[in-house]
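The following exercises are to be worked with the sequence and the structure at hand. Each task is followed by a solution in steps.

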Amino acid sequence: MTLAAITSVGCSTITQNENQTLLLTASYQGNPVDAECRLKNDKGEWHSEAPASVSVRKSNEGLEVTCKKEGMPDGILKAISRVAGSMYGNIVFGGGIGAMIDHSKGVGYDYPDQLPVKMGESVVVDKKPNKQTTAQQTAH
C-alpha cells in the first residue's frame, strides 16, 4: 500500500510545498531603498514592496523580478530555478511518474532564498555555486 502511494504521487509533492518564501531587498548605489516590486514566473505574478518576505509559487522556470521607485532607474533580477534535493528521491522511489508530477507542479524546484535587487542594474541570482569563482578562491 505504501509503495503504491509513493509511486502514484511525486516524492517532492509529499515532502515539499508548492510555495517558497523569499527575502526580497532593494538597494541603490549600496544603500537600501523601499521599492515597489513585481515578481513573475509561469505559475503566477506577485506584487510586494521591498524589503519583504514574499511567498511565490515554485516553478522550473526562472523568476523575474522588477522593482521601481520614483526618481531611480528600475532594478531587474532573474532568479534561476534549480532542482531541489527531494526531486532526486523520485528517481529512487517515485520513478518517472513522480518526477513528471513534481516537474509540472513546480514543487521539485527551488529559487535562491534571497533576491537582492540593485536599482539601475540587471542581475542574475543562482543557488548553484559559480565554478569559476570557486576555482579562483581555491587558487589563492
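Strands (E, at least two residues) and helices (H or I, at least four) are DSSP runs, numbered from the N terminus. Buried means under 20% relative accessible area, exposed over 50%, and partly exposed in between, with a 1.4 Å probe and protein chains only. The model is a predicted one, in which local features need pLDDT of at least 70, side-chain atom pairs count only at pLDDT 80 or more, and totals for chains, interfaces and linings use all residues. Residues are numbered from 1 along each chain as its sequence is written, and side-chain values use heavy atoms, with hydrogens and water left out.

**Exercise 1. Overall account**

Task: State how many helices and strands the protein has, and what share of its residues is buried.

Solution. Step 1: the secondary structure comes to 4 helices and 11 strands. Step 2: of the 140 residues, 35% count as buried. Step 3: a contact is defined by heavy atoms within 4.5 Å. Among contacts with a separation of 6 or more, 68% are made by residues 24 or more positions apart.

**Exercise 2. The open sheet and strand 11**

Task: Determine the strand order of the open sheet of 5 strands, and describe the two faces of strand 11.

Solution. Step 1: two strands are taken to pair if DSSP finds at least two bridges between them. The order in this sheet is 4-3-6-7-11, and the pairing is mixed. Step 2: strand 4 and strand 11 are the edges, each pairing on one side only. Step 3: neighbouring strands are turned against each other by 20 degrees on average, direction ignored; the axes behind this angle are lines fitted to C-alpha atoms, for helices over the stretch in contact, and angles run from 0 to 180 degrees between N-to-C directions.

Step 4: strand 7 and strand 11 run parallel and are joined by 4 bridges. Leu77 has Val123 as its bridge partner in strand 11, and Ala79 has Val125 there. Step 5: Val123 and Val125 make up the covered face of strand 11, whereas Ser122 and Val124 make up the uncovered one.

**Exercise 3. The nonpolar core**

Task: Identify the residues that touch the most other members of the largest nonpolar core.

Solution. Step 1: a nonpolar core is a set of buried Ala, Val, Leu, Ile, Met, Phe, Trp, Tyr and Cys residues joined through side-chain atoms within 4.5 Å. Step 2: the largest one has 23 residues, of which Leu24, Leu39, Leu63, Val65 and Leu115 touch the most other members. Step 3: the strands that each supply at least two residues of this core include strand 1 (19–28), strand 3 (35–41), strand 6 (63–68) and strand 10 (114–118). Step 4: beyond four places in sequence, the residues touched by Leu39 include Leu24, Trp46, Val54, Val56, Leu63, Val65 and Leu115.

**Exercise 4. The disulfide**

Task: Which cysteines form a disulfide, and how far apart are their sulfur atoms?

Solution. Step 1: a disulfide is a pair of cysteine sulfur atoms within 2.5 Å, and by this rule the count is 1. Step 2: the partners are Cys37 and Cys67, with sulfur atoms 2.0 Å apart. Step 3: Cys37 lies in strand 3 and Cys67 in strand 6, so the link ties together parts that are 30 residues apart in sequence. Step 4: the link is right-handed, with 110 degrees about the S-S bond. Step 5: Cys37 is buried at a relative accessible area of 3%, and Cys67 is buried at 0%.

**Exercise 5. Thr25 and a cis peptide bond**

Task: Place Thr25, and list its contacts beyond four places in sequence.

Solution. Step 1: Thr25 belongs to strand 1 and is partly exposed, with a relative accessible area of 29%. Step 2: its contacts are Ala50, Pro51, Leu115, Pro116 and Val117. Step 3: the peptide bond from Ala50 to Pro51 is cis, with omega near 5 degrees, and Pro51 is in the loop between strand 4 and strand 5.

**Exercise 6. Confidence**

Task: Where does pLDDT stay under 50?

Solution. Step 1: pLDDT is the predictor's confidence in each residue, from 0 to 100. Its mean for the protein is 78, and 64% of the residues reach 70 or more. Step 2: pLDDT stays under 50 over residues 99–106, for which the model has 26 contacts beyond four places in sequence. Step 3: pLDDT also stays under 50 over residues 131–140, with 1 such contact. Step 4: where pLDDT is low, the predicted coordinates should not be read in detail.
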